[in-house]
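The following exercises are meant to be worked through with the sequence and the coordinates side by side. Each task is followed by a solution that proceeds step by step.

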Amino acid sequence: MLRLGRFWTGANVLSLCRPLLALPAAILVYTDGPRRWILPLILIAVLTDWMDGHWARRTQTVSEWGKVLDPVCDKIAVVLIGVAMVLKQLVPLWFVSVIVLRDLLIVAGSAVLVRRIHTVQMSNWAGKTAVTAIAITFFLGLLGPDPAVLQFCIWSSTAFMILSIGLYGWRFFHLQVPDDYAQDGTL
């Protein structure tokens, strides 16, 4: 049986802040709220993504919960803001659809891996880069840049999403059940 460890750590609280910051940001995007509130909310949410992992490693509180919460909170935050931006026609629907499809594949694959290898895998560098590229694209979408710049960001983000799902797929098909697990999945 998978043990997730301590839930309430400083790093996990930072992860949980991400969707809590994204929700008001998404509402403000949708209601044409002031950008002076939207942009800092998104920036702080992005910073929590950077800080949670550093905090966990520095305080030696890396946990299985953190490996689950960090990417799930990323996905919730990105989808909330992405949907609001599509509704306001700031980014195209296909772009947010790719984000959602990628996230669903990652969550489903992760659930299968947990059952197969009895451990939670950490996000990979391409996944983190994709989330950063998406955040930059959303920032620029809110600021209304030259359409060519926004298109470059959208396609760059899409390329990182495709790369990340490819790397996650490779991991999915190549990780094996550890030898120290019995047939029934217990140690």
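**Exercise 1. Two loop residues**

In which loop does Asp-32 lie? Determine also its backbone phi and its exposure, and then treat Gln-89 in the same way.

Solution. The model is a predicted one, and local features are read from it only where pLDDT is at least 70. Step one is to place the residue: Asp-32 belongs to the loop between α1 and α2. Step two is the backbone, where Asp-32 shows a positive phi of about 55 degrees although it is not a glycine. Most residues other than glycine have a negative phi. Step three is accessibility: because the relative value for Asp-32 is 56% and exposed means over 50%, Asp-32 counts as exposed.

The place of Gln-89 is the loop between α3 and α4, and its phi, near 60 degrees, is likewise a positive value in a residue other than glycine. With a relative accessible area of 71%, Gln-89 is exposed.

**Exercise 2. The overall fold**

How many helices and how many strands does the protein chain have? Decide then how the radius of gyration relates to that of a compact globule.

Solution. The chain has six helices and zero strands, so that its pattern, read along the sequence, is α-α-α-α-α-α by the DSSP runs. For the second part, one starts from the expectation that a compact globule of 187 residues would have a radius of gyration near 16 Å; the chain has 18 Å, which agrees. Taken along the principal axes, the C-alpha atoms fill a box of roughly 55 × 30 × 25 Å.

Contacts add a further view of the fold: among those between residues at least 6 apart in sequence, 80% join residues at least 24 apart.

**Exercise 3. Surface and charge**

What percentage of the 187 residues is buried, and how are the charged side chains divided between positive and negative?

Solution. Buried residues make up 41% of the 187 residues in the chain. The accessible surface comes to about 10700 Å², and 71% of that surface belongs to carbon and sulfur atoms. Turning to charge, there are 15 positive and 11 negative side chains, and the centres of these two sets lie 4 Å apart.

**Exercise 4. The nonpolar core**

Which residues of the largest nonpolar core touch the most other members? Identify the contributing elements, and then follow the contacts of one of these residues.

Solution. The largest nonpolar core holds 28 residues, and within it Ile-81, Phe-95 and Phe-138 touch the most other members. The elements that give two or more residues to this core are α1 (10-30), α2 (35-58), α3 (64-87), α4 (93-117), α5 (125-143) and α6 (147-174). The element that gives the most is α3, with six residues.

Phe-95 may serve as the example. Not counting residues up to four places away in sequence, Phe-95 touches Ile-134, Thr-137, Phe-138, Ile-154, Ser-157, Thr-158 and Met-161.

**Exercise 5. Comparing exposure in loops and a helix**

Is Val-120 buried or exposed? Carry out the same classification for Val-62, Asp-146 and Leu-167, and give the place and the surroundings of each where these are available.

Solution. Val-120 lies in the loop between α4 and α5, and, because its relative accessible area is 9% and buried means under 20%, Val-120 is buried. The C-alpha atoms of Val-120 and Ile-81 are 26 Å apart in space, with these positions 39 residues apart in sequence numbering.

Val-62 is found in the loop between α2 and α3 and, at 46% relative accessibility, counts as partly exposed. Leaving aside neighbours within four places in sequence, Val-62 is in contact with Ala-56, Arg-57 and Lys-67. Val-62 and Leu-21, which are 41 residues apart along the chain, have C-alpha atoms separated by 23 Å.

Asp-146, in the loop between α5 and α6, is partly exposed with a relative accessible area of 46%. From Asp-146 to Val-29 the separation is 117 residues in sequence and 19 Å in space, C-alpha to C-alpha.

Leu-167, finally, lies in helix α6 and is partly exposed, with a relative accessible area of 32%. Beyond residues up to four places away in sequence, Leu-167 touches Asn-124, Trp-125 and Ala-126. Leu-167 and Thr-129 are 38 residues apart in sequence, and their C-alpha atoms are 12 Å apart in space.

Terms used. Residues are numbered from 1 along each chain as its sequence is written. Side-chain values use heavy atoms; hydrogens and water are left out. Helices (H or I, at least four residues) and strands (E, at least two) are DSSP runs, numbered from the N terminus. The radius of gyration is taken over C-alpha atoms; the globule rule is 2.2 Å times the number of residues to the power 0.38. Buried means under 20% relative accessible area, exposed over 50%, partly exposed in between (1.4 Å probe, protein chains only). Contact means heavy atoms within 4.5 Å. Accessible areas come from the Shrake-Rupley method with a 1.4 Å probe; for residues, only the protein chains shown count as cover. Lys and Arg count as positive and Asp and Glu as negative; His and the chain ends are not counted. The place of a charge is taken as NZ of Lys, CZ of Arg, CG of Asp or CD of Glu. A nonpolar core is a set of buried Ala, Val, Leu, Ile, Met, Phe, Trp, Tyr and Cys residues joined through side-chain atoms within 4.5 Å.
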